[in-house]
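This report describes selected side-chain pairs and one helix packing. Please look over the sequence and the structure before reading on.

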Amino acid sequence: MTTTAPSTRDRILDTALRVFAKTGYYGTSLRDIAAECNLTHPALLYHFGNKADLLAAVLERRDTLDLERMQFADITADNADQMLVDLVLHNVSVPGLAQLHTQLAAEATDPEHPAHAWVVNRYRALHERSKQAFIGRGMSEEQVDAEVTLMIAMIDGLQVQWLLDPERVDMAALITHYLARLADRAH
C-alpha cells in the first residue's frame with residue numbers, strides 16, 4: 001500500500017466506511033467508492049491496491065479509534081458498566097459504524113469473506129476484555145463466560161433493532177436496565 005496524504009486517505013476511508021455500511025462488502029465496488037470520493041478508479045487503486053486492502057484499512061482504523069476511545073486496559077468492575085453505556089452511546093452517535101459492524105458480521109459468517117478472520121478475532125478479543133466487567137460480581141468462571149457471551153449477543157441484537165427502528169429502541173436505556181438486573185441478581 002502506498003503512503004497517501006492524510007486528507008486523501010481519510011476521505012477514502014470515511015467514504016469507504018459509509019459505503020460499506022450502506023451496501024456491504026459484496027454490494028460495493030471500488031468504482032462506487034471512487035465516485036463517492038470524486039476520484040477516478042485508477043486513483044483509488046493507487047492508494048489501495050484492491051477492495052480487500054481497503055476494507056482491512058477501514059477495519060484497522062475503526063479498531064484503532066475504538067481502542068483509543070474506550071481504553072479497555074483501564075476496565076474494572078467499578079467502571080465497566082459506565083464504559084459499556086458509553087460504548088453504546090458512541091455507537092448511537094456514529095450509526096455508520098454500527099451498520100458496518102452489523103453488515104460485516106453477517107457477511108463474514110462466510111469463511112471466504114475477507115473480513116472473516118477479523119470478525120472472529122474481534123469477537124474473541126471483545127469477549128476477553130469484557131470478562132473484566134464481571135469479575136467481582138460473585139460469578140464462577142463459567143458464569144462469567146456465559147454472561148459475557150449473552151451480553152455481546154444482546155448488544156448485537158439491540159444494535160440491529162436500533163438500526164431498523166431507532167425511534168423505538170433506546171439501546172443505552174436497555175443496557176442500563178440489563179446492568180441493573182445483573183447487579184440485583186449478584187446480591
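## D10 and its partner

D10 is partly exposed, at a relative accessible area of 34%. The model in which this value was computed is a predicted one. The side chain of D10 joins that of R61 in a salt bridge, with 3.9 Å from N to O. Because D10 belongs to helix α1 (residues 6–23) and R61 to helix α4 (residues 51–70), this pair ties together parts that are 51 residues apart in sequence.

R61 is partly exposed as well, its relative accessible area being 25%. The pair also belongs to a network of salt bridges, in which D10, D14 and R61 are linked. For the structure as a whole, the count of salt bridges is six.

## K131 and two acidic residues

K131 has a relative accessible area of 17%. Since buried means under 20%, K131 is classed as buried. A salt bridge connects K131 with D145, and the closest N and O atoms of this pair are 3.1 Å apart. K131 sits in the loop between α7 (116–130) and α8 (141–164), while D145 is in helix α8, so the salt bridge ties together parts that are 14 residues apart in sequence. D145 is partly exposed, with 25% relative accessible area.

K131 also forms a salt bridge with E128, where the closest N and O atoms are 3.3 Å apart. E128 is partly exposed, at 46% relative accessibility.

## How α6 meets α8

Helix α8, which holds D145, also packs with helix α6 (residues 95–107). The angle between α6 and α8 is about 120°, and their axes are 10 Å apart. Angles of 65 to 115 degrees count as roughly perpendicular and those over 145 as roughly antiparallel, so α6 is oblique to α8. The crossing of α6 past α8 is left-handed.

On the α6 side, the contact is made by P95, A98, Q99, H101 and T102. On the α8 side, D156, Q159, V160, W162 and L163 take part. Sorted by class, the residues in this contact are five nonpolar, four polar and one charged.

## Points to locate in the view

Three places can be found from the descriptions above. One is the salt bridge between D10 and R61, which links helix α1 with helix α4. Another is K131, in the loop between α7 and α8, with E128 as one salt-bridge partner and D145 as another. The last is the left-handed crossing of α6 and α8.

Terms used:
Residues are numbered from 1 along each chain as its sequence is written. This is a predicted model: local features need pLDDT of at least 70, side-chain atom pairs count only at pLDDT 80 or more; totals for chains, interfaces and linings use all residues. Side-chain values use heavy atoms; hydrogens and water are left out. A salt bridge is a side-chain nitrogen of Lys or Arg within 4 Å of a carboxyl oxygen of Asp or Glu. Helices (H or I, at least four residues) and strands (E, at least two) are DSSP runs, numbered from the N terminus. Buried means under 20% relative accessible area, exposed over 50%, partly exposed in between (1.4 Å probe, protein chains only). Axes are lines fitted to C-alpha atoms, for helices over the stretch in contact, and angles run from 0 to 180 degrees between N-to-C directions. Angles under 35 degrees count as roughly parallel, over 145 as roughly antiparallel, 65 to 115 as roughly perpendicular and the rest as oblique. A crossing is left-handed if the near helix is turned anticlockwise from the far one by less than a right angle, and right-handed if clockwise. Contact means heavy atoms within 4.5 Å. Ala, Val, Leu, Ile, Met, Phe, Trp, Tyr, Cys and Pro count as nonpolar, Asp, Glu, Lys and Arg as charged, and the others, Gly among them, as polar.
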